[in-house]
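Colleague: Before we discuss anything, could you put the sequence and the model on the screen?
Modeller: Here they are.

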Amino acid sequence: MNTAKYLFPSDYMADPSAHVFKGKIYIYPSHDRDSGIAENDNGDHFDMRNYHVFSIQDLEKDSVTDHGVVLSVENIPWAGRQLWDNDVAEKDGKYYLYFSLKDKNDVFRLGVAIADKPEGPFAAQDNPIKGSYSIDPCVFAENGEYYIYFGGIWGGQLQRYRNNKAQEKGGVFPADNEPALCAKVARLRSDMLEFDEDPRDVLILDENGDPLTQGDTDRRFFEASWMHKYKGKYYFSYSTGDTHRLCYAVGESPYGPFVYKGVILTPVVGWTTHHSIVEHNGKWYLFHHDCVPSGNVTWLRSMKVVELEYNEDGTVKTIEGTAEN
Ligand code: FUB
C-alpha cells in the first residue's frame, strides 16, 4: 500500500485505534458529527455521542465491515458530554474498551466498558476509573501486564493536574523553558477496571538527555498517545497538537524514559492529528485521519490507513501528511 486509503467514506470517523484480534484487524474510532456547536480552542465542537467498531481481514484488498453502534453516552451512567478517543484491549477472552468522556461536572475522565467479542456491544461500568483524568487512553499489553497511557493538553485538561492532583487554580502551563507536561502511564489492575498504581510521567528526553520543554512545540507532547514495540524497543508516539505533527520517542521499557527520534507524519489537512500503529501479515500500518473529504478545518474527520516503514537503524520513515497520504 504505497498511498493512503480512506477506510469508511460514508461517515466521519476519527482517532482510529487498530488492533489485531483473532487474526483480524479491528478499528475503534471516535465518531465525529456536526452538532451545531461552533468551533473553539476548547474543542467543544467535538461533541461526539457514540462509537462504531470496524473490522477488516486484508488491508491491501478488502473493505471494512461496520459493526454499527457499540456504545452510546445514553448507556454510560456517569456521562456528561463529548465521547472522545478510545482504545480496546483483550484479556482472557473479554474485550475492555477505554474511553474519554466528560462527567456531569464537565471534567474529562476515563471510563471502561466490557464486551465478549471484539466487535462489541460494550457495557459501561457505573463509574469512571478512580483517579483518572484527561483524555486519549491507549492500552499496551506485554507479558500479561496492561499499561494505559493517557493525557492531552488544552481542551483535554491535562494542564489542570500536577502529580495526579487537580490544581486549585486549574489550567496553568509550565513556562516555555520548563519541562513540558507529560502524558501519563499506569499499569492496570488484574481485573482491568482500575489503575494498579499512581500514574507516572511519560518522560520524553532530547538528544542531550534533557526533558523536552513546554516551549518546544514542534516536539513536546500534546495528546494522542500510542505505544508499540519494534525489535525489542518501545516506541511512544503522540501528536504535537498545535504544530500538527505525529512524533515518536524510543525507550527501553513501557515506562520510559523515551528519547525523541522524529516525525512519523507531517501535518494533515485539518487541525488535529491522531493515530495508531499495528503490524499485520508482516507489514506495519499507520492508521490516522484527516479532513479532506469534509473540507472542514478541524472536525468531521475521515479515517485512513497507510503502510509505515522503518529504516535499518529502527527509525521510522516519515510519511507526508498530504492529501495523497
Ligand atoms: O476526537 C477528539 C479529540 O481530537 C481527540 O481525543 C484528540 O486526540 C483529537 O484527535
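Colleague: In what sense do E10 and E11 pair, and over how many bridges?
Modeller: Helices (H or I, at least four residues) and strands (E, at least two) are DSSP runs numbered from the N terminus, and two strands count as paired if DSSP finds at least two bridges between them. Within this pairing Cys138 stands opposite Tyr149 in E11. The sense is antiparallel, and the pairing of E10 and E11 runs over 5 bridges.

Colleague: On what footing do these statements stand?
Modeller: This is a predicted model, in which local features need pLDDT of at least 70 and side-chain atom pairs count only at pLDDT 80 or more, while totals for chains, interfaces and linings use all residues. Residues are numbered from 1 along each chain as its sequence is written, and side-chain values use heavy atoms, with hydrogens and water left out.

Colleague: Which residue in the hairpin of E10 and E11 takes a positive phi?
Modeller: The hairpin has 2 residues between the strands. The positive phi is near 50°, and the residue that takes it is Asn143.

Colleague: Over how many bridges do E11 and E14 pair, and how many residues of E11 are buried?
Modeller: E11 pairs with E14 in the antiparallel sense over 4 bridges, and the bridge partner of Phe150 in E14 is Lys184. Buried means under 20% relative accessible area, exposed over 50% and partly exposed in between, with a 1.4 Å probe and protein chains only. By that criterion E11 is mostly covered, the buried residues being 5 of its 6.

Colleague: Which residue meets Arg187 in a salt bridge, and how far apart are they in sequence?
Modeller: A salt bridge is a side-chain nitrogen of Lys or Arg within 4 Å of a carboxyl oxygen of Asp or Glu, and here the N to O distance is 4.0 Å between the side chains of Arg187 and Glu145. The pair links distant parts of the chain, with Arg187 in strand E14 and Glu145 in strand E11 (residues 145-150). Arg187 is partly exposed at a relative accessible area of 22%, as Glu145 is at 33%. The partner is therefore Glu145, and the separation is 42 residues.

Colleague: Which residues do salt bridges that share partners join into one network?
Modeller: The pair just described is part of this network, which is built from salt bridges with shared partners. Its members are Glu145, Arg187, Asp196, Glu197 and Arg200.

Colleague: Is Glu194, the partner of Lys130 in a salt bridge, buried or exposed?
Modeller: The closest N and O atoms of Lys130 and Glu194 are 3.4 Å apart. Lys130 lies in the loop between strand E9 (123-124) and strand E10 (138-142) and Glu194 in the loop between strand E14 (183-187) and strand E15 (200-202), so the pair ties together parts that are 64 residues apart in sequence. Lys130 is exposed at 60% relative accessible area, whereas Glu194, at 13%, is buried.

Colleague: How many salt bridges does a search of the whole structure find, and which residue meets Glu60 in one?
Modeller: The search finds 25 salt bridges, and the one made by Glu60 has an N to O distance of 3.6 Å. Glu60 lies in the loop between strand E4 (50-56) and strand E5 (65-72) and its partner in strand E22 (residues 283-290), so the pair ties together parts that are 223 residues apart in sequence. Glu60 is partly exposed at 34% relative accessibility, and the residue that it meets is Lys283.

Colleague: Which strands stand at the edges of the open sheet that contains E22?
Modeller: This sheet of 4 strands has the order E1-E23-E22-E21 with antiparallel pairing, and E21 pairs with E22 over 5 bridges. The edge strands each have a single partner strand, so one side of each is left without a neighbour in the sheet; they are E1 (5-6) and E21 (276-280).

Colleague: How much of the ligand does the protein bury?
Modeller: A polar side-chain atom of Asp136 lies 2.5 Å from a ligand oxygen atom, and such an atom of His274 lies 2.7 Å from one. Arg301 likewise places a polar side-chain atom 2.7 Å from an oxygen atom of the ligand. Taken alone the ligand exposes 280 Å² (Shrake-Rupley method, 1.4 Å probe), of which the protein buries 99%.

Definitions and conventions
A polar contact is a pair of N or O atoms within 3.5 Å; within protein, one must be able to donate a hydrogen and the other to accept it, and residues adjacent in sequence count only if both atoms are side-chain atoms.
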